[in-house]
Structure formats: structure tokens, C-alpha cells
Protein chains: 2
Amino acid sequence: MDDDVLRRGKPTCHVEFDEATALLAGDAMQSLAFQILAEHRLAEDPQSQLQMIQLFAVACGSRGMAGGQAIDLDAVGTSLTLPELENMHIHKTGALIRASVLLGARCGRALDAPSLGNLDRYAKCVGLAFQVVDDILDEESDSSTLGKTAGKDRQAGKPTYTSLMGVADAKRFAAELLAEARDALAAFDSRADRLRELADFIVRRDR
Amino acid sequence: MDDDVLRRGKPTCHVEFDEATALLAGDAMQSLAFQILAEHRLAEDPQSQLQMIQLFAVACGSRGMAGGQAIDLDAVGTSLTLPELENMHIHKTGALIRASVLLGARCGRALDAPSLGNLDRYAKCVGLAFQVVDDILDEESDSSTLGKTAGKDRQAGKPTYTSLMGVADAKRFAAELLAEARDALAAFDSRADRLRELADFIVRRDR
């Protein structure tokens with residue numbers, strides 16, 4: 001599915017082993033996530049925990065990550081508009097980033113609806129910013145800094161933010177998304193600092 | 001993962017579309033199964049439903065289907081003993097067949113532990129019988145009757161019940177498994193007739 005041969009400077013699973021093994025490892029880890037969500041006491045009551053599992057299942061499935069990956073497959077070699085590109089990323093990587101944030105917020109005594117809404121807005125912005133920055137790094141960085149293969153999206157003819165907007169506008173867009181992500185956390189106290197740091201890190205990283 | 005080009009006389013998903021699409025469809029459907037288990041009221045209480053999800057997650061993961069598939073990948077071109085072959089099938093296809101039977105038994109007001117134990121024994125036998133009969137059909141039938149490619153396991157050098165036991169002994173083994181599956185249902189009344197029919201069908205089918 002992914003043509004990276006390096007991640008964090010190490011060979012990716014499908015290179016170190018083979019593609020079938022890499023796919024199976026992903027399947028096994030996704031099942032493990034569901035197992036953990038069902039096995040441990042995470043929420044105040046079992047019914048809330050069922051809702052967490054439902055949220056995660058939707059994020060993984062045809063209306064989430066799997067659907068986004070299908071859009072991606074379909075898009076190779078074609079040209080997407082900016083809204084189409086955004087739609088792909090919101091599903092392919094954004095759905096699980098949102099789910100990660102929202103599942104944390106629903107653990108224990110769940111937050112109220114406005115707080116959940118703000119965290120959802122934060123996660124949407126961070127998820128999209130992650131992808132915009134990924135495209136910028138793919139365009140500007142070299143493989144040794146990046147720890148994965150640079151320039152591969154351009155070579156594969158994949159639509160990216162940098163190919164659609166140019167690098168300068170893509171950087172402005174990433175900065176806007178970071179500002180909106182931080183704005184969504186405005187009502188939270190210092191307990192949200194880790195989320196603020198995470199947003200900063202995602203936009204300012206060089207790999 | 002699977003090299004069948006036909007199923008029930010129709011092109012398989014990876015032939016009709018492509019392998020990546022077939023894998024994604026599987027991923028999406030598995031997520032949908034978790035979604036349904038979490039979304040609908042299936043058991044008497046939410047805690048029981050969490051246990052159902054846990055059971056299903058284990059059956060899908062490294063200790064179930066994904067683990068069995070990994071054993072299978074590892075076994076191509078090697079020779080397995082009969083216990084090793086059984087271990088592979090118990091995980092690869094057996095785990096989900098068992099989960100299907102046990103999830104049904106846990107819906108609504110769950111059955112008592114001895115009844116669940118008997119259904120588990122039934123499901124283990126039926127799951128293994130399914131695989132033994134599959135190997136016999138792959139060896140004896142032609143592709144047009146089978147609705148999928150005959151002889152492919154032998155060609156691929158995969159270990160099978162027929163290659164390890166011979167066809168005659170494999171048929172006797174399938175008959176024994178059917179008898180044990182029916183025996184496991186002995187304490188159930190006519191409400192288990194569909195399970196009895198299913199066991200008969202699995203062993204007596206010609207495709």
C-alpha cells in the first residue's frame with residue numbers, strides 16, 4: 001500500500017519482511033486495539049465503552065481510513081482538486097487521528113459535548129496539518145534527514161498540497177491550521193498542554 | 001493472499017478489481033463487524049456485549065485468523081506434520097467459525113457454560129471438517145463443479161490433508177469430525193437443527 005522503504009531511518013515492515021507479513025501485522029494490531037477497548041475498564045460504564053468501540057470502528061472502516069485509502073488508490077495518476085485532496089486525507093489519516101483524540105477524551109468521566117466538539121476541531125486541524133507538512137517535507141527534505149524516502153510522492157505522480165498550492169502557500173496553510181488547532185484548545189487549561197505541544201511538533205518537525 | 005480466481009463461479013474480488021481493493025474491502029468489512037457488535041443491542045447487558053467484542057477481536061488477531069494466515073505464509077514450500085497443519089487451520093479459518101457460533105450463543109440471554117462448551121466443540125469440529133473437505137474437493141473435483149480453481153493447492157506446493165493422509169483417510173477423518181460435531185449437539189433440542197444441517201452440508205457439499 002505504501003511505497004516508503006524507510007521509516008525513522010529503519011527499513012519498513014514490508015521491506016524487512018514482505019508485503020503479506022506487513023499487511024498481517026497491521027490486521028493483527030488493529031484487532032488488538034479493539035481487544036484492548038473491549039477488555040479493559042476505560043470508561044465510567046460499559047455502554048460508554050461500546051460507544052468508544054463504535055467510534056473507532058467507523059474511523060477504521062469504509063467511512064474512515066479504509067475509504068480514504070480507496071480514494072487514494074483511485075487517485076494515483078489523476079489530478080485531484082484541493083477539496084478532493086482534503087477529502088482523501090480527512091478519511092485516510094485524519095479519521096484515526098480524530099478517533100485517537102476523541103477516545104482519550106471519552107476515557108474515564110467523559111468530557112461535555114462542547115469540549116468534545118472543540119477537541120474534534122483540534123484533531124481535524126492537526127490531522128490535516130500533519131499531511132500538509134508531510135507533503136512539504138517530501139518536497140524539500142532529503143532522505144537522510146527525513147528518515148524515509150524523499151520525493152516519492154512527486155515521482156509516483158500522487159497529488160499533494162505542494163503540487164496543488166506550491167510550497168510557500170502550503171507552509172502558510174500549515175501555519176493557519178496550527179493556529180486553528182491551538183484556538184480550539186483555548187477553553188482548556190494547562191492539562192491540554194500536551195496537545196498544544198503535539199500540534200506544534202507536527203507543524204515544526206523536520207522529518 | 002488467496003490465489004483463487006473464482007468463487008461460486010464468479011471472479012474473486014482481487015481478479016475483478018485488484019489486490020489492494022480486495023484487501024481494503026476485507027478491512028472495511030471487518031471494521032463493520034465491530035461496528036455492528038458495538039452499535040446494536042445484542043446481549044442482555046452492555047458488559048456481555050463487550051465480552052462478545054473481545055471474543056471476536058481475539059479470533060481476528062494474532063492468536064486467531066491473522067496468526068493462522070502468518071503460519072500459512074510461512075508454510076508454503078515446506079512440509080508440515082498433521083498436528084502443524086491442524087494448528088494452522090484452527091487459527092486461520094477455525095477461529096472465526098468458532099467465533100461465529102459462540103457470538104450467536106451469547107446473543108440475547110447467553111447460554112450456560114456447559115452449553116457454550118458444547119457449541120465450541122461443535123464449531124471446532126465443523127471448522128476443521130470444512131478444511132478437510134476443501135482439500136478433498138481441491139484434489140478430486142474439477143473447476144466447473146467447484147466454482148473455483150481446482151488443484152491449486154497441490155500446484156502451489158501447499159500442505160493439505162489429502163497430501164498428508166491420502167484421499168481415503170481424509171474422507172474418513174471428515175466423517176469422524178461430522179459425527180463428533182453432531183455428538184456435541186446431543187443435549188440440544190430441535191432448535192439446534194440448523195447447526196446440524198450446517199455440519200451435514202459442510203461435509204457433504206460437492207463445491
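**Helix packing and two-fold symmetry in a predicted two-chain model**

In chain B of this predicted model, the axes of helix H2 (residues 19-39) and helix H3 (residues 46-60) come within 9 Å and cross at roughly 165 degrees. H2(B) is therefore roughly antiparallel to H3(B), and the crossing of these helices is right-handed. On the H2(B) side, the contact involves B:Gln30, B:Ala33, B:Phe34, B:Leu37 and B:Ala38. These residues meet B:Gln49, B:Met52, B:Ile53, B:Phe56 and B:Cys60 in H3(B).

H2(B) also packs across the chain boundary. The axes of H3(A) and H2(B) come within 8 Å, with a crossing angle of roughly 155 degrees. Because an angle over 145 degrees counts as roughly antiparallel, H3(A) and H2(B) are assigned to that class. H3(A) passes H2(B) in a left-handed crossing, whereas the crossing of H2(B) and H3(B) is right-handed. H3(A) contributes A:Leu50, A:Ile53, A:Gln54, A:Ala57, A:Val58 and A:Cys60 to this contact. From H2(B), the participating residues are B:Ser31, B:Phe34, B:Gln35, B:Ala38 and B:Glu39. B:Phe34 and B:Ala38 thus appear in the contact with H3(A) and also in the contact with H3(B).

The surroundings of B:Ile53 bring these two packing arrangements together. Beyond residues up to four places away in sequence, B:Ile53 touches B:Phe34, B:Leu37 and B:Ala38 of chain B. From chain A, B:Ile53 is met by A:Phe34, A:Ala38 and A:Ile53. B:Ile53 and A:Ile53 are both among the residues with the most contacts inside the largest nonpolar core, which has 90 residues. A:Val126, A:Ala129, B:Val126 and B:Ala129 are also listed among those with the most contacts in this core.

The interface as a whole places 28 residues of chain A in contact with 28 residues of chain B. On the side of chain A that touches chain B, helix H2 (19-39), helix H3 (46-60) and helix H4 (65-75) each supply at least two residues. H2(A) gives the most to that side, with 12 residues.

The relation between the copies was examined by superposition. Chain A is superposed on chain B by a rotation of 180 degrees with 0.0 Å of shift along its axis, at an RMSD of 0.0 Å. This is the relation of a two-fold axis. The C-alpha of A:Pro46 is the nearest to the axis in chain A, at 2.7 Å. The same surface serves both copies, as 100% of the contact residues of chain A recur in chain B.

A further helix pair is found within chain B. The axes of helix H6 (residues 113-140) and helix H10 (residues 167-184) of chain B come within 8 Å and cross at roughly 155 degrees. H6(B) and H10(B) are therefore roughly antiparallel to each other, and their crossing is left-handed.

Backbone geometry draws attention to residue Arg8 in each chain. A:Arg8 is not a glycine, yet has a positive phi of about 50 degrees. A:Arg8 lies in the loop between strand S1 (6-7) and strand S2 (10-11) of chain A. With 9 other C-beta atoms within 10 Å, A:Arg8 is exposed. In chain B, a positive phi of about 50 degrees is likewise found for B:Arg8. The loop between strand S1 (6-7) and strand S2 (10-11) of chain B holds B:Arg8, and B:Arg8 counts as exposed because it has 9 C-beta neighbours inside 10 Å.

How values were computed:
Residues numbered from 1 in each chain as written. Chains lettered and ligands numbered in written order. Predicted model: local features only at pLDDT ≥ 70, side-chain atom pairs only at ≥ 80, totals over all residues. Core = buried A, V, L, I, M, F, W, Y, C linked by C-beta atoms within 7 Å. Buried ≥ 20, exposed ≤ 12 C-beta atoms within 10 Å, placed from the backbone. Contact = placed C-beta atoms within 7 Å. Least-squares fit on C-alpha atoms with pLDDT ≥ 70 in both. Axes fitted to C-alpha atoms, helices over the stretch in contact; angles between N-to-C directions. Helix = DSSP H or I, 4+ residues; strand = E, 2+ residues; numbered from the N terminus. Parallel < 35°, antiparallel > 145°, perpendicular 65-115°, else oblique. Left-handed = near helix turned anticlockwise from the far one by under 90°.
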